[in-house]
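User: Please take a close look at one loop in this model, and then follow the account outward to the helices and contacts that help to place it. I would like a careful, connected reading rather than a list.

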Amino acid sequence: MEPGPWAVGEHTAILHGGFLLAARLIQPRALRELRKADWPLAGVPITDALREIGERCPSPQEHGRWKREAVAIVWAKVLLPAPPAASLEWGWRDDGFFSVGAMIPDVNHTALFELVKALGVPRVFVELLLALPPAVCREQLEHMVAYVTSETSPSDIRLFLDVWWEVMKHKEGQEDATVSAFSALMCQHGGESSLDDGLQPPKRFKGDPVNIPPAAPGLFMVLVEGLKQIHGNITQPRMQCYALANLAELLSVFTELEPAGSSLPTTEYLHKVSATVSLWTSDPDSQFHHSGLGEKVREAERTMSLLSVTKLSREELFVGLEFLCSLLRAWGEELQDALSSSEQLCYENYRLLDTLTTLGKNLVCFSETRDVGEDETRVVLELTQVTKDFLKESSASPKSKDLATTSLVSSVAMAIIAQKLDRHADMCSVFASEKTWAFSKAWVDCLVQNKALFQKPELVLKLLETLVSFATSCQDREAQELQVQVTKAIMDCYTELSLTDKNKVISDVLASWGGPGLSLNLQVVREGFQEDLNVTFNQITKSVSDEGLTRAVASVARLTLLYPEATVKQVCHLAVVNLGAHQFLAQILCSFPALRFLETQKDPGRPHNLVVRCLEEAVWEKLSTAREEEQFLQFLTFLMQPGSATPLVSPAEVTKAFVLPYLKSDSPQIELSLQVLSKALGIQPCSEEYWIKSCHPFPLLLSLCKLLDGYTRYWHQPREQLFPSLETKDLILNILCQLCEVVGPESAPSPELWIQSLAWLHRKVASLDWTVGLRLKKLYGDHFKNEVPATLFEICTLPEDEWTSQSLPAYGPGSGLLAWMECCCVSPALRDTMLALLTVNVDNPEEVNLFSKGFLVALIQVLPWCSHSEWRRLMHVVENLLQRQVLHVPYTLEYVQYMPLLNLRPFACYLQLSVLFLRGFQLLCSSSCSTWLPPEAWLHVVQLYCGSLTDLLTSVKGTAGPPSQPAGDGTSPQEVSFVCIQMFCHLLHVAAMLPGEGCGEPLVVVALEILSQYEAFSNADTSPSNTLRRANERHFLEAITDNVGDRELRSTLLQKLSKLGAHLAGEPD
């Protein structure tokens, strides 16, 4: 811990000796009676002592600290003379200043002021002065003014002007330990020196060392009055410039003349600081001539950062303006010679011209914007003219930007940054963007050593622009090494930014260099980037977790800045090929909303989303498995709607890129494109205006309609021709339904255009299969009627205001039921309408029989072209007609050995359905239909049949209830067992009729499911004859199964039946 300013030590002992020798030299008078004329004699031992102390100080910093302490000790001694004898007993214990105060003889202000001059520390004097209570502060300044106005010497003038300048430059809150201790001491003791320098006991005073005003009220006018008294003694042009500059600066800054919020532009500020440093360096008479660059820059910045906390009154302002005007008139002509001589150019000259220029501007602004009286106007105009004339005569003097070299300006800026001076943030901006300074050794060192100051998005971007500029102009080996070093430093700055700020930088990088980012111009980025990319993502994909997300985002942020499109492509690729990683990678990507960047390089008129392009190039048309396609869809969905994050791609952009170009039946990507469109339509729009409006909705609808039309020829398409599968038909139907919901009149620019578009679509659809138009009813509304084959009117009572007939060659006599069934496939609503409008006279047996036979034929005609959802609608129709007893399906006992004495009424509909399926396949597999379907159609037909059997089995279980708790309608496990046996036999019958192979798998699955249900309910039967009945049923089932032609199906089912038999016999499975 360093000793305080009041500590007694070697230095204070030397100073004590100097004062004792001084006191001896002026005897019989005491030092407290020291006069200015005595100083040449008495001051020698004191200055010798100070010189000796300086030589003993180990460093300049230590010497500077001691100078401050010496002034504080002497000033404290001036204000606090020797204490009375009574205090000796306790003073040494309670008073920190007691010991050092007792060593120094009583002194007066003469010693203080001459000591300040000898040490050359006006700044220290001002800091201590302003640490005093206001009244004492003003009194002490008056002492100083009185001192310099008496027997004025050049050194007095210098002291006076230096103190004035330091008072204006002073900033609150920069007090060091010495100033704080001095202020505390004054508050502890309290005391005001009397007017005759301590010959009378001091008065008490109070002060607050914490809340000290930067300049006590009235100080500036004390200085102005002092200048009025001594201006006649100021004869040197340099000091005249100094005095004028002080007065002009005071009037310009510390009055109402100063414009509100005025601040020099950064470049002008830098040039002025540099000019000041240059002048001090070239002027051997300057007190800062021998100082280092850092100290010069610190001091120069102080001169540029005056804080006008205390303002002169309006009256004081005009007193000062009149005085300045008189001084300019008095000294102006003499000063012109000095100012026009480049040999005599010094800081004081330069400052005067600069200050007068500022004052002139402020005077003009003041006169234009303030309410000024007549006399005041006269003063302002007079001074304005005098100032203008003075500056005009001095126009040959160099300007700020001409006084410093580029090298010096850059060095000054770096010094401001390194020392974190007041406007270092502004300098960082200039430093980052000034390309003429960049990549010197000093520039690189400054960046590396002050990286923490450049951790702002705008600075990082400017550095990157400077880096790219340098890289494009310098490409030798040394330049590349510098690029590596600077790139690392910039990336370190970037890494410390928040994620929001990182996105700002990425956004600007994309705007400047597009998708390639920095890699476009920086070879050092391209070299090794791919390896870095691979290593980083290998680590990321191995740590897929919420905890790893933050680290992953940070890693990807770095890569994204360097090479955005390569990084995005890698994320897209890994999201598809890495099982389960797609959502995690989507979260990472959505952390960078800056990637929602629209590129315009290829087509300026049609900007393209960067992420969409990366998906196209890295993933699209490269998906090789269904799993990859599914992960791609999920990844894409997350990018469109990532929860709380900003979507990176919009449904419209996705549709335009992955749907519209591929919406043709022969496109290899058609099925995936349709799935993409389905996902896009599922995204909730962010605004009221639905996005589909920008995606050519009517041509899109027509393309979907054409695809549906193609399904009418599905089984007769050439094998080599690509066409989406029947499984995709349901997807198309759902999409079409969604589009009809969202494509309304508001999706067109005007109602007229909407009507035109609707008519255009209706005209185009008219050439397609008639059922396609029915699917657009929600879109058409009341604009168009439902157009159906004329034969449909034969079996339905259709209202003519909604329906109209058309003559279709394919729908001849007797085809009404086929058209009716096709209408039922369109939608649940239309299915219910068809059921309600169907006209069958159930009281006419012949009509019912005819209807039932025609229904079976129509059902078989429709079956192969049905999608799964369409077939389910038809099953609902069959069940409805069976329950209403409109459809007659007699149940034969071809698979019943004995008359079952059971309650089968609850299951009648299910048994009829099973028989209906059997009759349908008997017709479908008959010789008359043998060439109707191609071989590949049979698997689809069997899948629909098996799906219906599965639904039927579920309904049976629902009606019967759990095997252990049968339903309360009198049914027992025996009824369900019987139904299962019937369904099983019907299924085997169908299997036996099917032509060719390849349909066994779905049949096996359903058959095993039926047997499992049979087993469950059979085991639940507790009747006495259960064992015998089950044995008979098993033998029956085995006999039926033995007749199955498909070897694989037969062996699998016999194996299942043998397990049932073993369980029946009590054998282990």
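Analyst: His696 sits in the loop that joins α33 (670-681) to α34 (697-710), and everything said about it here rests on a predicted model. The backbone at His696 has a phi near 50°, which is positive although the residue is not a glycine. Most residues other than glycine have a negative phi, and most peptide bonds are trans.

Two further loops hold backbone features that can be set beside this one. Phe439, in the loop between α20 (424-433) and α21 (441-449), likewise has a positive phi, of about 70°, without being a glycine. Phe439 has a relative accessible area of 6% and is therefore buried, the cut-off being under 20%. In the loop between α1 (10-25) and α2 (39-56), where Pro28 is placed, the feature concerns the peptide bond instead: the link from Gln27 to Pro28 is cis, with omega near 15°.

Returning to the region of α33, Glu671 falls in the range 670-681 of that helix, and its side chain makes a polar contact of 3.4 Å with the side chain of Thr728. Thr728 belongs to helix α35, which covers residues 726-742, and at 6% relative accessibility it counts as buried. Once residues up to four places away in sequence are set aside, Thr728 touches Leu674 and Tyr711 as well as Glu671.

A loop residue with a different setting is Lys311, found between α14 (293-304) and α15 (314-339). With a relative accessible area of 38%, Lys311 is partly exposed, because that value falls between the 20% below which a residue is buried and the 50% above which it is exposed. Apart from neighbours within four places in sequence, Lys311 is in contact with Val253, Phe254, Thr255 and Glu258. Two of these contacts can be described in atomic terms: a polar atom of the Lys311 side chain lies 3.5 Å from the backbone oxygen of Val253, and a polar side-chain atom of Lys311 lies 3.2 Å from the backbone oxygen of Thr255. Asn362, which is 51 residues from Lys311 in sequence, is 15 Å from it in space, C-alpha to C-alpha.

The helices give the other side of the picture, beginning with α6 (residues 109-119), which has 9 of its 11 residues buried and so is largely enclosed by the rest of the structure. Those buried residues are His109, Thr110, Ala111, Leu112, Phe113, Glu114, Leu115, Val116 and Leu119, and their cover includes α2, α3, α7, α8 (134-149) and α9. After α6 comes Gly120, with a positive phi near 65°.

Two of the helices that cover α6, namely α7 and α9, also pack against each other: the axes of α7 and α9 (residues 154-169) come within 9 Å and cross at roughly 55°. The two helices are therefore oblique to each other, and their crossing is right-handed. Where they meet, α7 contributes Pro122, Arg123, Phe125 and Val126, while α9 contributes Asp162, Val163, Glu166 and Val167.

Helix α7 (122-129) appears again, together with α3 (60-79), in the cover over the buried residues of α10. Within α10 the buried positions are Thr178, Val179, Ala181, Phe182, Ser183, Leu185 and Met186. At the start of α10, a side-chain oxygen of Asp176 comes within 3.3 Å of the backbone nitrogen of Thr178. The helix, residues 177-189, has 13 residues and reaches 18 Å from its first C-alpha to its last, close to the 18 Å expected at 1.5 Å a residue.

The 17 residues of α13 (266-282) give a similar check, for at 1.5 Å a residue they should span 24 Å, and the end C-alpha atoms are indeed 24 Å apart. Helix α13 has 12 of its 17 residues buried, so it is largely enclosed by the rest of the structure. The buried set in α13 includes polar names such as Thr266, Lys272, Ser274, Thr276 and Ser278 alongside Leu270, Val273 and Trp280.

Conventions
Residues numbered from 1 in each chain as written. Predicted model: local features only at pLDDT ≥ 70, side-chain atom pairs only at ≥ 80, totals over all residues. Heavy atoms only, no water. Helix = DSSP H or I, 4+ residues; strand = E, 2+ residues; numbered from the N terminus. Expected span 1.5 Å × (residues − 1). Buried < 20%, exposed > 50% of the residue type's maximum accessible area, 1.4 Å probe, protein only. Contact = heavy atoms within 4.5 Å. Polar contact = N/O pair within 3.5 Å; in protein donor to acceptor, adjacent residues only side chain to side chain. Axes fitted to C-alpha atoms, helices over the stretch in contact; angles between N-to-C directions. Parallel < 35°, antiparallel > 145°, perpendicular 65-115°, else oblique. Left-handed = near helix turned anticlockwise from the far one by under 90°.
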